[in-house]
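Trainee: Could you take me through a close look at the cysteine links in this model, and then at the aromatic rings? I would like to follow each step slowly.

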Amino acid sequence: MRVWIVFLLCLAGQAFTASITEEEPIIDDVGEEAQPEVGVNPVQVETGDFDEAIDVEEEEVTAESPCLNHHCKKGKVCEVDEENTPMCVCQDPTTCSGAVGEFEHVCATDNTTYDSSCHFFAHKCSLEGTKKGHKLHLDYIGPCKFIEACMDAELNEFPLRMRDWLKNVLVTLYERDEENNLLTEKQKLRVRKIYENEKRLQAGEHSLDLLAHDFEKNYNMYIFPVHWQFGQLDQHPVDGFLSHTELAPLRAPLIPMEHCTTRFFEQCDADNDKYIALEEWANCFSIKEQDVDQDLVI
């Protein structure tokens, strides 16, 4: 889990200034659009890298151009027609900047590596209105690679590490929140109880047995972190459900490192309706039904 924390918190440094806008269903393939004002979500990478219909881009144009205040989603750019009316058209992939390194590559659900998210969304736009385009999503960050199957035993271990990681991320935010812009006052009060608890399991590499024992012994410490993460993802719209798009900022960076990520989130959608409700999310992390509280996600 140390790898998760180092990797995602580094990415979070960029995400603290990012923002988003829209959404779409969930769990059949993978990653896409989504993103609110970040800054409070340490697990969000720059969601602009995989925000589809929601990401709004403003073209750099002259003040006289009708495109100045006309916004287009990822994969599209603004142009004017013969009547000087702004419209969004698919971006030419050749206009995308070349990748600086492999970290800018993305893997899509067609198992194709794209040079960058810009190239991916431009290609997806060209398939708009087709069945292939509808099913094509950004899967994960980085070039495509073989991801081994997740065994049942491994799937059962995944939430043990994930719960501990969420708790440690919140504690880290609490320690670094000098300017009061990472957590709200209400959130800080809740995290303070965890931070000051002398029984808290410190961050580090721990055996699965120890993580399981700590969850049983200090169960109350894990209730808020699980709710908090749901609230950070549930943004477009804020409706008590996580779409495939809203999950993308969390799952896209994890898939290359945690091969059970996809199966875990698929399992969370217990009723297979393509959305994860708060109750389903809490159940995935073994939070008791009586402890599920909508007020904790705010």
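**Disulfides and ring pairs**

Mentor: Let us begin with the disulfide of C107 and C144, which is right-handed because the torsion about its S-S bond is about 100°. Please keep in mind that this is a predicted model. The sulfur atoms of C107 and C144 are 2.0 Å apart, and since a disulfide calls for sulfur atoms within 2.5 Å, the pair qualifies. C107 belongs to strand β3, whereas C144 sits in the loop between β5 (138-141) and α4 (152-176), so the link ties together parts that are 37 residues apart in sequence. C107 is also buried, with a relative accessible area of 1%.

The count of disulfides comes to seven, and two others are worth setting beside this one. C67 and C78 also form a disulfide, with their sulfur atoms 2.0 Å apart, and the link of C67 and C78 is left-handed, with -80° about the S-S bond. Here C67 lies in the loop between α1 (2-15) and β1 (76-80), while C78 is in strand β1, so parts that are 11 residues apart in sequence are tied together. Both C67 and C78 are buried.

The other pair is C96 and C118, whose sulfur atoms are 2.0 Å apart and whose link is left-handed, with -75° about the S-S bond. This disulfide joins distant parts of the chain, 22 residues apart, with C96 in the loop between β2 (86-90) and β3 (106-108) and C118 in helix α2 (residues 117-126). C96 is buried, with a relative accessible area of 9%, but C118 counts as partly exposed, at 22% relative accessibility; the reason is that buried means under 20%.

Now we can turn to the rings, where the count is 11 aromatic pairs. In one of them, the rings of Y114 and F120 have their centres 5.3 Å apart and their planes at 75°, so the pair is edge-to-face. Y114 and F120 are both buried. The rings of F265 and W281, by contrast, have their planes at 10° and their centres 6.1 Å apart, so this pair is stacked. F265 lies in helix α9 (residues 261-268) and W281 in helix α10 (residues 278-284), so the pair ties together parts that are 16 residues apart in sequence. F265 and W281 are both buried, and both take part in a cluster in which ring pairs link F158, F230, F264, F265, W281 and F285.

Finally, the charged end of R163 sits over the ring of F215, 3.5 Å from its centre, and K288 lies over the face of Y219, at 4.9 Å from the ring centre.

Note on methods. Residues numbered from 1 in each chain as written. Predicted model: local features only at pLDDT ≥ 70, side-chain atom pairs only at ≥ 80, totals over all residues. Heavy atoms only, no water. Helix = DSSP H or I, 4+ residues; strand = E, 2+ residues; numbered from the N terminus. Buried < 20%, exposed > 50% of the residue type's maximum accessible area, 1.4 Å probe, protein only. Phe/Tyr/Trp six-rings, centres within 6.5 Å; stacked < 30°, edge-to-face > 60°. Lys NZ or Arg CZ within 6 Å of the ring centre and 35° of its normal.
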